Amino acid sequence: MVNDERTVARVPWSVIVPTRAGWLDAVRSDVDAFLSDHAACERKASAAAMTLASHYRDKEKLVSAMVNLACEELGHFRRVYERIVERGGRLGPDSKDAYVGSMAALVRRGPDLYLLDRLLIAGVVEARGAERFRILAEGLLTDLPDFYADFARSEERHAELFIDLAKTYFPVDVVESRVRELFQAEGELVASLPLRPALH
């Protein structure tokens with residue numbers, strides 16, 4: 001059931017585990033590899049949004065939001081691809097993302113739990129993207145800081161969007177409790193993964 005009273009989403013930014021300092025060094029060591037990975041992430045985010053829209057056709061607000069998000073993410077893919085081409089590069093091969101796979105494994109079964117967790121995990125992943133793009137905006141010594149400042153703002157909006165959607169379809173207290181659990185699990189995951197020139 002859709003909540004009648006709209007609640008403005010608030011990502012609990014204070015609970016996000018900060019990215020380790022060495023991650024920026026890893027990106028600086030191979031910016032081209034990072035851009036290729038970033039492009040793949042944007043393309044996959046677009047596809048994931050359309051998957052949600054097609055699976056939940058009865059939820060008009062969710063469908064509209066996901067169609068708009070899919071188009072925006074595809075636009076982001078184009079922007080990153082254009083930077084890759086400008087630098088004389090090309091798209092890299094697809095590879096499995098251990099971070100995304102581990103986050104997806106946290107989705108619980110059951111119609112309601114599944115939707116809640118998919119929305120919130122998407123929000124957590126977008127929040128991590130915002131945090132890392134801010135690091136790039138502040139620390140890359142190339143022509144890319146402004147580029148990534150813009151992406152950081154977009155990812156922050158996307159994180160808010162997913163949590164807002166969750167609060168549309170589920171009780172606010174349930175959403176806030178679960179999203180904090182997921183941020184904690186995500187922080188433990190990030191701390192365990194090797195540092196590499198990739199978004200995750």
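Author: Let's start with a term: a cavity is a set of grid points where a 1.4 Å probe fits but cannot get out. Keep in mind that what you're looking at is a predicted model.

Reader: Okay, so how do I go about reading empty space, and how many cavities of 30 Å³ or more does the structure hold?

Author: The general idea is that rolling a probe the size of a water molecule over the atoms shows where empty space is left. Here, one cavity of 30 Å³ or more turns up. The volume of the largest cavity is about 50 Å³.

Reader: Which residues line the largest cavity?

Author: Look for R20, W23, Y99, R132, V190, L193, P194, L195 and H200. Sorted by class, that lining has six nonpolar residues, one polar and two charged.

Reader: H200 rings a bell. What does the side chain of H200 make a polar contact with?

Author: With the side chain of D97, at 2.9 Å. You'll find D97 in the loop between α3 and α4. Its relative accessibility is 15%, so D97 counts as buried, the cut-off being under 20%. Setting aside neighbours within four places in sequence, D97 is in contact with R196 and H200. Check A198 as well: its C-alpha is 9.5 Å from that of D97, although the two are 101 residues apart along the chain.

Reader: And pockets? How much space lies in the largest pocket?

Author: A pocket is an open set of points rather than one the probe cannot leave. The largest pocket here has about 950 Å³ of space. It is lined by 43 residues, and the closest to its centre are K44, A45, A48, V100 and V125. The elements giving two or more residues to that lining are α2 (31-55), α3 (60-86), α4 (98-104), α5 (111-139) and α6 (145-169).

Reader: Which element gives the largest share of the lining, and how does the lining split by class?

Author: The largest share is from α2, with 14 residues. By class, the pocket lining has 25 nonpolar, six polar and twelve charged residues.

Reader: Last one, from someone who runs a lot of gels: how many disulfides are there?

Author: In general, a disulfide is a covalent bond between the sulfur atoms of two cysteines. The count here is zero. Why? For C41, the closest cysteine sulfur is in C71, 19 Å away, so that is too far for a bond; the cut-off is 2.5 Å.

Reader: Are C41 and C71 buried or exposed?

Author: One of each: C41 counts as buried because its relative accessibility is 16%, whereas C71, at 55%, counts as exposed.

Technical notes: Residues are numbered from 1 along each chain as its sequence is written. This is a predicted model: local features need pLDDT of at least 70, side-chain atom pairs count only at pLDDT 80 or more; totals for chains, interfaces and linings use all residues. Side-chain values use heavy atoms; hydrogens and water are left out. On a 1 Å grid over the protein atoms alone, a cavity is a set of points where a 1.4 Å probe fits but cannot get out, and a pocket is an open set with protein on both sides within 12 Å along at least five of seven lines; lining residues have an atom within 4 Å of a point. Grid points are joined across faces, edges and corners, and a volume is the space filled by probe spheres set on the points. Helices (H or I, at least four residues) and strands (E, at least two) are DSSP runs, numbered from the N terminus. Ala, Val, Leu, Ile, Met, Phe, Trp, Tyr, Cys and Pro count as nonpolar, Asp, Glu, Lys and Arg as charged, and the others, Gly among them, as polar. Buried means under 20% relative accessible area, exposed over 50%, partly exposed in between (1.4 Å probe, protein chains only). Contact means heavy atoms within 4.5 Å. A polar contact is a pair of N or O atoms within 3.5 Å; within protein, one must be able to donate a hydrogen and the other to accept it, and residues adjacent in sequence count only if both atoms are side-chain atoms.
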